[in-house]
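Biologist: I would like to go through this structure step by step. Please give me the reason behind each label.

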Amino acid sequence: MWAYVVRRLLYGFITVLGVLFLLFLLFFTVANPEDIARKAVGEKASPEVYAQWLENHGYDRPLFVNPEYPTSSLARYTDTLLASHYHDMLTFDFGRSDADDTPISARLREGALPSLLLTFPVFLGGLLFSIALSLLIALFRDTYIDRMAVVLCVAAMSIATLLYIIFGQFLIGKVLRWFPISGFSGDPAVVWRFLALPVMIGILASLGPDIRFYRTIFLEEAHRDYVRTARAKGCGEGSLMANHILRNAMLPILTRVVTTIPFLFVGSLLSENFFGIPGLGALTVEAINGNDFSTLRTMVYIGALLFIGAQILTDVTYTIADPRVRLG
Amino acid sequence: MLQVVSACSNDPYPSDDQTRKVLYRAFPEAPKTLDPAVAYTTSAHAITGNIYEGLLEYDYVARPYQLVPALATGVPEAVSAPDGTIRYHFELRPGVRYADDACFELSESESSKSESSHSEIPDSPGSTPTTRSVTTRDLEFSFQRLADPAVASPIAQNFAKIRGFRQFSANLEQRRERDASFAARPPHEQYALVGGIEGVHLLNELELDLVLDAPYPQLLYWLAMPFTAPVPWEAVAYYDGEEGRPHFRDHPVGTGPFVLTRYNKQALMVLEQNPRWREWPQPAPGHIAPLGPRAGSRLPFIERVEYRREKEAIPAFGKFLQGYYDGSAIIEESFDRVIQEDQLSSDMAERGMRLEKSVEPGIYYLGFNMDDPVVGAPAGERGRKLRQAMSLVIDIDELSRLFLNGRGVPANSPVPPGLFGYDPEYRNPYREVDVERAKQLLIEAGYPGGIDAETGRPLKLGFDTPDTTSTAQLRSQFHIDAWRSIGIDVELRATTYNQFQEKMRNGAFQLFRWGWIADYPDPENFLFLLESSNGRTRSGGPNTANFSNAEYDALFAEMKDRPNDERRGELIREMQSILERERPWIELYHPEDYSLVSPWLENVKPFGMSYPMLKYYDIDPDERARLRAEWNQPIVWPAYALAGLSVLIVVPGIFTFFRERV
Amino acid sequence: MVWLSNGAVVVVLALASLAGIAVRRNPLWHDAMRRLARRRPITLMALSVFGLIALLDSVCWVGGETGPGSGDAVAAYEARSLLDRWFEPESFRERSYSAPFAAEEFYGAAPLEHPGEHWLGTDVLGRDVFFLTLKGFRVALLIGGFTSLIVIPIALAFGIAAGYFGGRVDDAVFFLISTLASIPSLLLLIALIMVLGRGTTQVCIALGITSWVSLARLVRAETFRLRELDYVEAARALGVSEFQIILRHILPNLAHLVVITFVLLFSSMVLAETILAYLGVGVDGSWGQMIDRAKDEFSRDPVVWWNLSAASAALFALLLSVNLLGDALRDVLDPRTLREL
């Protein structure tokens, strides 16, 4: 058991190393740091300012091997971008933003709460709504409601998130004036007003695929033998759903839930931009537009790290919960 | 759900602020830095300009732009000495004090202790932050910071004519490299040890002379911007970004009318009145009257300014229409909503909105890469004729109608209206649409009907842009369509920023679109964009067209430091005629600054350049509250309709279910 | 270039007819197709129409008239597709916005060149929106199709290699897969495009890199299962070469996986492109770009709605058909293993 956990953790660590190498290839070897400097300092600055900027941000070092040191010296390999990239990322020293020099870790701390305030209600609301609705639909299986619901789900899946946001904001914010069109506030008494609209839109956009997924699971369970037995024993359709089917469908639901949790932290790229929520998704988009490579690679790294962590957690809980399961 | 809907309002602000004079603005992106020596963008100056104050400023209302004293007692005249140096004498107003800040108290307590710089610094500032008076030492410190290579001020080279400015930078850098303990000291101590800038000459606490090696009349314009505003050394030393303290660039301390009280780059910036600002009597200028009962009171009129982040144009403009932003000057995409055929739309006029416009000293243009073998100088007469032909088909009136709603003055030369050397009568013969002449020129250039004899196909050119926004793409398509009408096949290459820079560096581009907004209202700030030593590919300078013309360079050298006299006008006209013939640019338009102003906001006058005008604004909060309430009645019936509809769908289902299953 | 694109069309058509013949020959697939046609006749019809539009826009050649009064001297030298020739966009345009079926310009009420002929109005440059929307079909199919061309071979190669050979190969492939899979795909996609640059090929490659993983994982698991089957063991015992086994026995049994994943990936890639378009790195001419452009027009007054609506409706129609097809395919071909997608 413990051997498995250790092995799983070790494998997770190796994956992190792999992710870091990929990030290094993407962000250091291909892009020219002088362009990052130019964007950061502005078109009107002089070349000396760019050079100074590169030095301040450590981009002036060589990638893999530092020829300034003798071949025997270890510094030949440690005073390089590759080594410092690994060192900084593994020690969670994300440094400063390429765009405006603010410490990235401070930005992450600032952005995490607004992001979670948006994504968590969307996730929770979406989960509750879609499970409730899909149970209902499974209850009505083989009726017109079921068929209509499936088509509606597929239709809802075929609408781009961008369109949900554009039309939702236009209709509810601008035409009906139920909630502020956009904005955010740190004041807990007011903040729900801002979050209501993006959360509603987020839940709506997630319903299509989720309901379809859960419905499939419930129907699969509904066709199993134990359900038939229970029904033969005179168990009512409603209690059958709640007591037997839902309970047995918990495992696949849990898998899906655990793997979506890391993405809650990454925030929502589109919603945060349209609704002016200062979260991590907005930060990412800003990093893209501002050519801010250091922030972007940190975001990718954090996302990957959370995902790997969640996976390890699922695998380990599985083995604890069910000794027959052996993964990896 | 229905309860929630009927109970909620779309007011994004706390209700207590309804009756206060709070100005609400939207910002799309926070400035990267608020360090006055470094901040160089319009969005940064909108903040720093209100927090810091320089020796000079511009008159808010007078046009053409006119310099007036701010912290100085007067605008000085240049006095030339027999040795060729130029001297400006400044006298500082007495009793100017910094805004209250914790850094002053700490430095006081620190200096009362021993001199050891590593004595413990208290973690939390005391309860009564203090201030101190501004002296010429603070001005000296600001100049020294500009020269400091570590500060990396983007405009440092503009001050290089100050005697000893470059020397100071060099000394500072040398000392730092040689001596690590020196480099660890706070900046003001370093500057003092190096010995200061020779040309910044302090006479006493309130008087200083600036000594220049050569004439540079534009210097005064730079002094009207926040770059040289007095900066307290205490703040620079204390706010170093360590141990949880913010960095100085995020925590400005100045003498201006407002102080920055909240600074969250992602969401909110708040400016509040600075009670220390101009404690001497300061009546508003004659043409600026405060509203209602506060008449005769002191500037600034508004209590607080809240800048809220809006990344998308639509929500920002939507909230403006709902009355939750007080003015909308920045939101470009939404102008067509409001202005039709150069007039305020009837809907807007009904709401009491006002339109304020002024020409910005700036220019947008299409440029050719003059190093290119096909469109540039190497192609000689052929290239020149080609550029002339391409210039002749760009219809600026149509462009302005489609994309700007008339929000731009057609440009005939780089010099925009309002500046010396702008001639409203001047018509560039290559900036009128004449398709027939363009076709004729193409024949003369050896591309009859646009056909390149070598390939037998239309001449193929590339148009590079790093702007991948959809509006920019449409504009580019507009130009491309125009060139296609005379048979030139221009391909749009919208790339990422990095790809674009790569091409610029390698000179691997033919056509591009660019804009320039003046730093100061002088034609030199535009004409230098075509001077050969500023070539983009060769030196990384702002001459993106890589234009290189010896005659032009000579005229520019004579023109740049001249006072605005007859000869200067003549020189500018000659330079214009070179540009007219050579066509390194296809001048498009000088942008116009259109501000939409809510009915409750007063004393708004668009300025064009970055200008700290917040101190003049005034708000009528009662009127605002009334109109907001009128404009924001929620429409609730769809919620009931939705509920009804879901009942209609679900109820028959339940019946079916019970009929079939139970 | 003309020959390349026409050649590609020929290759695609040839592949399609080959696939058709293969389906007819194989009784299992034949039966599946019949059931599919019975379940989703309208969807299949709609998809064929969309495919036909894309085809019309793909077959192109140089030459011919460019339409009367054309203000475009270059078009005559360019390869124009059948769709272009039909619409003659060089002359079938206005100066600026026109509402659907309008007789005069939207702003300013100037008379139009082609009053009442623009079914879906025109955009700011006066281009016919119906035409632009139709052109979007080819771009959407390109995003989905070209990317699948990248995804499927890579995923098959890695998945089969890992599943069939196991051991070190499997370790390496599994490491690669888990590394790529642990990076949130949208972030990886954006990072790739920032590095690769803007452009159709780049976007397709980036989409390919981010989406081959899920298919590879399925292929690997399925190959594991197939490898242990009796007839594969038997073939191996008879001394059939590994390559022959993979070709004869493994690949055909993976076909249903590939078909279903292709259909499901298709819609997710088209959706991902809309987000990329919003970030300014989309594919030129895509509906995502049209939507991004039109979202600002949506705040005009009077509102310019036809641009946004046309692009949204077309996107919806295509995705709905593809998703319905995917749904039906899943039921017909494999009722169990693929619910995760």
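The talk below takes up confidence, burial, a helix, a sheet and the chain contacts.

Modeller: One thing before we start: this is a predicted model.

Biologist: How do you know how far to trust chain A?

Modeller: Look at pLDDT, the predictor's confidence on a scale from 0 to 100. Chain A has a mean pLDDT of 81. In chain A, 94% of residues reach 70 or more. Among the elements of chain A, helix 6 has the highest mean, 88, and helix 2 the lowest, 72. Where pLDDT is low, the predicted coordinates should not be read in detail.

Biologist: Now chain B. What is it built from?

Modeller: Chain B holds 23 helices and 24 strands. It has 662 residues, and 45% of them are buried. Take its contacts between residues at least 6 apart in sequence: 70% of those join residues at least 24 apart.

Biologist: Why is Arg628(B) called partly exposed?

Modeller: Count the C-beta neighbours. Arg628(B) has 19 inside 10 Å. Buried needs 20 or more, and exposed means 12 or fewer. The count of 19 falls in between, so Arg628(B) is partly exposed.

Biologist: Where does Arg628(B) sit?

Modeller: Arg628(B) is in helix 22 of chain B, which covers residues 621-631. Its C-alpha atom is 9.9 Å from that of Gln18(B). Along the chain, those two residues are 610 apart.

Biologist: How do you know that the length of helix 4 of chain B agrees with what a helix should span?

Modeller: Helix 4 of chain B runs over residues 136-147, twelve in total. The expected span is 1.5 Å times one less than the number of residues. For this helix that gives 16 Å. Its end C-alpha atoms are 17 Å apart, so the two values agree.

Biologist: What makes helix 4 of chain B largely enclosed?

Modeller: Eleven of its twelve residues are buried, so the rest of the structure largely encloses it. Among the buried ones are Leu139(B), Phe141(B), Phe143(B) and Leu146(B). Charged residues are on that list too, including Asp138(B), Glu140(B) and Arg145(B).

Biologist: What do those buried residues pack against?

Modeller: They pack against helix 5, helix 7, helix 9, strand 6 and strand 7 of chain B.

Biologist: Which strands form the four-stranded sheet of chain B?

Modeller: The order is 4-5-7-6, the sheet is open and the pairing is antiparallel.

Biologist: Why are strand 4 and strand 6 of chain B at the edges?

Modeller: Each has a single partner strand, so one side of each has no neighbour in the sheet. Helix 4 of chain B packs on this sheet, touching strand 6 and strand 7. The direction of helix 4 makes about 165° with that of strand 6 of chain B.

Biologist: How do you know that strand 4 and strand 5 of chain B pair?

Modeller: Pairing needs at least two bridges. Strand 4 and strand 5 of chain B have two, so they count as an antiparallel pair. Val79(B) stands opposite Arg87(B) of strand 5.

Biologist: How many residues make the contact between chain A and chain B?

Modeller: Chain A gives 46 residues and chain B gives 40. The chain A side divides into 21 nonpolar, 13 polar and twelve charged residues.

Biologist: And how many join chain B to chain C?

Modeller: Chain B supplies 33 residues and chain C supplies 24. Helix 16 gives the most to the chain B side, with seven residues. That side divides into nine nonpolar, 15 polar and nine charged residues.

Conventions: Residues are numbered from 1 along each chain as its sequence is written. Chains are lettered from A and ligands numbered from 1 in the order in which they are written. This is a predicted model: local features need pLDDT of at least 70, side-chain atom pairs count only at pLDDT 80 or more; totals for chains, interfaces and linings use all residues. Two residues are in contact if their C-beta atoms, placed from the backbone, lie within 7 Å. Axes are lines fitted to C-alpha atoms, for helices over the stretch in contact, and angles run from 0 to 180 degrees between N-to-C directions.
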